[in-house]
Each structure stands twice: as structure tokens, then as C-alpha cells.
Amino acid sequence: MSKVHITLVGGQPAPVYHGIVATQPDYVFYVCSQSRDSRRAQNILKKVLKKMPCGWYSLHPTDPVTIKSFAESLAERFKDDEVTVNISGGLKSWSHWFGIVFDKYPNASVVYMDQNNVLWNYRTMESSSG
């Protein structure tokens, strides 16, 4: 069982980076959009975390059927791993659907990195400094 960290990427790389550092995963899967800010954040993360095994996917920004379906496919893909899903970045539509989908899986925890660099685990309702 690997530790997989799925992270939603928006314009700010800091909450994504700090979520990865706090969870110490074996593998990171980045969900990005085609916006200029998201691409800039991707480039920064690639440079800073260049040795971290990872995968990338560009997800539709607003279509709920596409978003939910993709979240479900990731949940199924990583069902045998220990999963954290960082909803701190990316779009609100993504955070909503990824939270709903992954909350149903006992191997997954939805996490949020707040402005004070505190990581909140919404499964356990506990926090830790990132």
C-alpha cells in the first residue's frame, strides 16, 4: 500500500507544496486546469519537487459530470492505497466533488491547508502544522 497524495492545483503553489510536505507521500497526483495561473503553479511545483514521483491531469474547470466522474476514477484507481486529497488549491467545483467522492472511501482523507499553514484532516477533524 503506497501513500498517494492527490492535490488540486490553482494559482498558488504554496498550499499544494505544504500539503505534500506535511503528508510525506510516495506518489503525488496533480489535478490542474489550463489557466495561466495553474500552469505557472505547475511549473514551480515541478522544479521544487522534481524528484517526487508524480502524475498530472488537466481537468475541465466547471462541468460537474466530468469532475465527479474523474474524481470517481481516481478513487477507484487508488482504492488499495492510503490516499490524502488536498482541496486547498484548484477550483471550488473541484473541491466540492473531490470531497464528496473521496469521503466515501475508508482509505482516503480529505485535507485542507489553511492560511496559517495548518493542515486540517476532515476525516479525523484534527490539525497539524505543515
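Modeller: Let's fix the words up front: a residue is buried under 20% relative accessible area, exposed over 50%, and partly exposed in between. The model here is a predicted one.

Biologist: Fine. What makes Gln-24 exposed?

Modeller: Gln-24 has a relative accessible area of 55%. The word exposed asks for over 50%, so Gln-24 gets that label.

Biologist: And where is Gln-24 found?

Modeller: Gln-24 belongs to the loop that joins H1 to S2. Its phi is positive, about 50°, although Gln-24 is not a glycine.

Biologist: Asn-117 also caught my eye. Why is Asn-117 called partly exposed?

Modeller: The relative accessible area of Asn-117 is 26%. That is neither under 20% nor over 50%, so the label in between applies. Asn-117 sits in the loop between strand S5 (108–113) and strand S6 (118–121), and its phi is positive too, about 65°, though Asn-117 is not a glycine.

Biologist: Now Asn-107. Buried or exposed, and how do you know?

Modeller: Asn-107 has 18% relative accessibility. The limit for buried is under 20%, so Asn-107 counts as buried. You'll find Asn-107 in the loop between H4 and S5.

Biologist: What makes the pairing of the Asn-107 side chain with the backbone oxygen of Asp-81 a polar contact?

Modeller: The distance there is 2.6 Å, and the cut-off is within 3.5 Å for a pair of N or O atoms, one able to donate a hydrogen and the other to accept it. The backbone oxygen of Phe-78 is also in reach, 3.1 Å from a polar atom of the Asn-107 side chain. Leaving out neighbours within four places in sequence, Asn-107 is in contact with Phe-78, Lys-79, Asp-80, Asp-81, Glu-82 and Val-83.

Biologist: On to the cysteines. How do you know that Cys-32 is in no disulfide?

Modeller: A search of the whole structure turns up zero disulfides. For Cys-32, the nearest cysteine sulfur is that of Cys-54, and it is 9.7 Å away. A disulfide needs the two sulfurs within 2.5 Å, so this pair fails. Cys-54 is likewise in no disulfide, with the sulfur of Cys-32 as its nearest at that 9.7 Å.

Biologist: Why is Cys-32 called buried, and what is Cys-54 called?

Modeller: Cys-32 has 2% relative accessibility, so it counts as buried. Cys-54 has 34%, so it counts as partly exposed.

Biologist: What about helix H2: how do you know that its length fits a helix of 13 residues?

Modeller: H2 (residues 36–48) reaches 19 Å from its first C-alpha to its last, close to the 18 Å expected at 1.5 Å a residue.

Biologist: Which residues of H2 are buried?

Modeller: Those are Ser-38, Ala-41, Gln-42 and Leu-45. They span an arc of only 105° around the axis, so they are on the same side of H2. Arg-36 and Lys-47 are exposed on the other side.

Biologist: What covers the buried residues of H2?

Modeller: The cover includes helix H1 (13–23), strand S2 (27–32) and strand S3 (54–58).

Biologist: Last one: what makes Ile-100 partly exposed?

Modeller: Ile-100 is at 32% relative accessibility, so it counts as partly exposed. Ile-100 is part of helix H4 (residues 92–103). Ile-100 and Lys-68 are 32 residues apart in sequence, with 8.8 Å between their C-alpha atoms.

How values were computed
Residues numbered from 1 in each chain as written. Predicted model: local features only at pLDDT ≥ 70, side-chain atom pairs only at ≥ 80, totals over all residues. Heavy atoms only, no water. Buried < 20%, exposed > 50% of the residue type's maximum accessible area, 1.4 Å probe, protein only. Helix = DSSP H or I, 4+ residues; strand = E, 2+ residues; numbered from the N terminus. Expected span 1.5 Å × (residues − 1). Arc of directions from axis to C-beta. Contact = heavy atoms within 4.5 Å.
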